Amino acid sequence: MESESLKQYLADSPPSIVPLQIKPHFEALSGGEKLYAHYLSVACFAGTRIVLRQISPESEHIYDFIIALHHYFRGDWKALQKEAGLSDDELAAFLDYSAQFLGNLGNFKSFGDSKFVPRLNERQLKALAAVSPQTLEIYEQIKDGVFVNKNVGKMHLGYPDQGHVSTYYPDSPDITKEEISIVSDFLEGKKLLPENTRLRKTTDGFEVLIASALENPGSADRDLKESEWELEGKLKGKKLKLVFGDYTKEMSTIAEALQNAKKYASNRTEASMMEEYVKSFRTGSLEAYKESQRYWIKDKGPEVETDIGFVETYRDPHGIRGEWEGFVAMVNQERTKAFGKLVEAAPSLIPLLPWDKSFEKDKFLSPDFTSLEVLTFAGSGIPAGINIPNYDDIRQTLGFKNVSLGNVLSAKAPNESIPFIKPSDLGVYQRCRDAAFEVQVGLHELLGHGCGKLLQETSPGNYNFDINSPPISPLTSKPVTSWYKPGQTWGSVFGAMAGSYEECRAECVAMALSCDFGVLSIFGFGDGSEDIDGPAGDILYAAYLSMAHAGIAALEFWDPKARKWGQPHMQARFSILRTFLNAGVEFCELESNAEDLGDLTIRLERSKILSLGRPAVEKYLQRLHIYKATADVEGGRKMYDEITAVDDWYATKLRPAVLSKKTPRKVFVQANTVIGEDGKVELREYEASAKGMIESFADRTYI
């Protein structure tokens, strides 16, 4: 690979390593709450190898290599350096790579889905491996996967038949997108949920690998009584078989930890939630998992908040299989008050959005909305906010929970550079962006993901709208002609596009409603009166600048060779930048006098946000929402593909400027909990460095 192209795949040097501060919040817990948090944390982190296996064939072996080197020299990296004969820079390069690897739980970026490689050559890595027989043996398993692949497609996650990597389809290099679709549609017809599955192609058909501790759960515990079928149509003659026991060792450890956590649950709801988790992870039943989520929604305002399972489907190219994720956190009561006020105001805010009540839930189901301080977040990356569960039937009838992760939002890397912001805007941007982001997260999670109705034929002949007088579409001024059929879900209809599309819709809801000064006053900014030049106006301006900035930075996550987006949120933010620009130069423009765009800055007219910016966002939001509500995948795809298309100027001019100024994405060093000889739980924290990151993982001996 030519040196210029290689740059985008090199590991960050140095990575941005920050501590996830939690001690005061953890120490405020009672003894029983600490034990509950401890066992939940074990359950979360016990899924580490699941994530590794979900990312790439070599990731688990790279993990073992890093941890084995740490154990062999008991964390004395200077001794290892001397033994291997490496320079200070060469050791630093390995440690930097290791920290980024552990922060992403794999050798593909959790935010971008592109591979990153160490700034070492093969000889230097082998010198590290040669220090012990164990590490040398592991090296033989990773040597072909650590470095750059000559096939650029293999440097990105995606469908195998499009030349990309995906271990959601293990040992299946020739499986096609069409085959995945046919099998997925078949299982949807059988009402088998896909989140905890992988799919393997075999000589005589396909195997659906189901995550479960038991390799042969009893028929009463299975979501389907059948387990094998003969396929028809294009796959006629092929067999489809359910195979239980994927990640069996990990699922057993997880279930055992949750069984222990149940002993310290603070109420019957939490205990029932633990029971359903255990049942799901032992048997592979996602119906049991959905039941755990129903209990989770009912567990309002707990001191220790948690959710765990196969949750987000972004990494699966088909957009239906979930990555392992789990978090344990403490509630920040002060920050939560503002979110509580937002929940109370939600019913009066939803009518401000650009659609009528026909496209909205009959009743807004007020969720639990809390600001959390994270003790544990297991997975390939840590978001700033979460809105779950992702099951539409639960969301539409029981509701959901929103959480904002306070210590993730506030974590800062020292001396962080800020490209593309005008010097005249830098003061307000730096002063207000964190507050603006918290407003954005709150609106995005609560009202963005929480609003909207899917028009459905819930069962044959039964509809959740008046089929004889269908709602009038604001896009056509005519009755709607499409809706979700029985068994269809938002994800199954919109497929791989669904994740990014929904993030975009939620972002647009936040951008529209942040223009309401009454909303800003809920968060403590202003008195509710419109004042674009006042303190609340500063927050609004910072929010719009931040979104435009994110839209530019998004180009890092677009692959020019495959011409595909590697990160759903960034694809969404690019489309919102395009929406700003489409509103006209009177509102927003990218300015530069340099040939290489090295001096490019955003000009966004603060005085025009309300008159030009908000209407442009609302027009875009209306289309996003109505296409989703009516299952109009054709209209939605056409619009979204057009606005997220990267033309020649963005690809060949702006993207290189973005890459030249990109800043490393933060990776977090997390604490561990341990039970002392006295039976009490202690918090063990680590320094915010590559060595501290490695030590924190090495201490989790149950992984």
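At what angle do α19 and helix α24 pack, and how far apart are their axes? The question concerns a predicted model. The angle is about 75 degrees, and the axes lie 12 Å apart.

## Helix α19 against α24

Helix α24 covers residues 633-643. An angle of 65 to 115 degrees counts as roughly perpendicular, so α19 is roughly perpendicular to α24. Three residues of α19 make the contact: Ser500, Tyr501 and Cys504. From α24 come Gly636, Met639 and Tyr640.

By class, the residues of this contact are four nonpolar and two polar. No charged residue takes part in the contact of α19 with α24.

## Helix α19 against α17

Helix α19 (residues 498-513) also packs with helix α17 (residues 423-448). Their axes come within 8 Å. They cross at roughly 120 degrees. That angle makes α17 oblique to α19. The crossing is right-handed.

Which residues of α17 meet α19? They are Gln440, Leu443, His444, Leu447 and Gly448. On the α19 side, the partners are Glu502, Glu503, Arg505, Ala506, Glu507, Val509, Ala510, Met511 and Leu513. The contact residues of α17 with α19 split into seven nonpolar, three polar and four charged. Among the charged residues of α19 in this contact are Glu502 and Arg505.

## Helix α21 against α22

Another helix pair is α21 (residues 535-553) and α22 (residues 568-582). The two axes come within 7 Å and cross at roughly 115 degrees. Here α21 passes α22 in a left-handed crossing.

Helix α21 contributes Tyr544, Met547, Ala548, Ala550, Gly551, Ile552 and Ala553. Helix α22 contributes Met570, Arg573, Phe574, Ile576, Leu577 and Phe580. Eleven residues of the contact of α21 with α22 are nonpolar, one is polar and one is charged. Gly counts as polar and Arg as charged, so Gly551 is the polar residue and Arg573 the charged one.

## Cavities

How many cavities of 30 Å³ or more does the structure hold? There are four. The largest has a volume of about 140 Å³. Its lining has 18 residues. Closest to the centre are Gly112, Ser114, His156, Glu556 and Phe557. Three elements each supply at least two lining residues: β13 (558-559), β14 (564-565) and α25 (648-660). By class, this lining has six nonpolar, five polar and seven charged residues.

The second largest cavity has a volume of about 50 Å³. Leu192, Ile210, Arg222, Asp223 and Leu224 help line the second largest cavity. Leu242, Phe244, Thr283, Gly284 and Ser285 complete its lining. Five of the lining residues are nonpolar, three are polar and two are charged. The charged pair is Arg222 and Asp223.

## Backbone exceptions

Most residues other than glycine have a negative phi, and most peptide bonds are trans. Two peptide bonds and one phi angle deserve a note here. The bond from Ser13 to Pro14 is cis, with omega near -5 degrees. Pro14 sits in the loop between α1 (3-6) and β1 (16-19). The bond from Ile388 to Pro389 is also cis, with omega near 5 degrees. Pro389 belongs to the loop between β9 (385-388) and α15 (392-397).

Is the phi of Leu105 positive or negative? It is positive, at about 50 degrees, although Leu105 is not a glycine. Leu105 lies in the loop between α7 (88-104) and α8 (122-129).

Methods. Residues are numbered from 1 along each chain as its sequence is written. This is a predicted model: local features need pLDDT of at least 70, side-chain atom pairs count only at pLDDT 80 or more; totals for chains, interfaces and linings use all residues. Side-chain values use heavy atoms; hydrogens and water are left out. Axes are lines fitted to C-alpha atoms, for helices over the stretch in contact, and angles run from 0 to 180 degrees between N-to-C directions. Helices (H or I, at least four residues) and strands (E, at least two) are DSSP runs, numbered from the N terminus. Angles under 35 degrees count as roughly parallel, over 145 as roughly antiparallel, 65 to 115 as roughly perpendicular and the rest as oblique. A crossing is left-handed if the near helix is turned anticlockwise from the far one by less than a right angle, and right-handed if clockwise. Contact means heavy atoms within 4.5 Å. On a 1 Å grid over the protein atoms alone, a cavity is a set of points where a 1.4 Å probe fits but cannot get out, and a pocket is an open set with protein on both sides within 12 Å along at least five of seven lines; lining residues have an atom within 4 Å of a point. Grid points are joined across faces, edges and corners, and a volume is the space filled by probe spheres set on the points.
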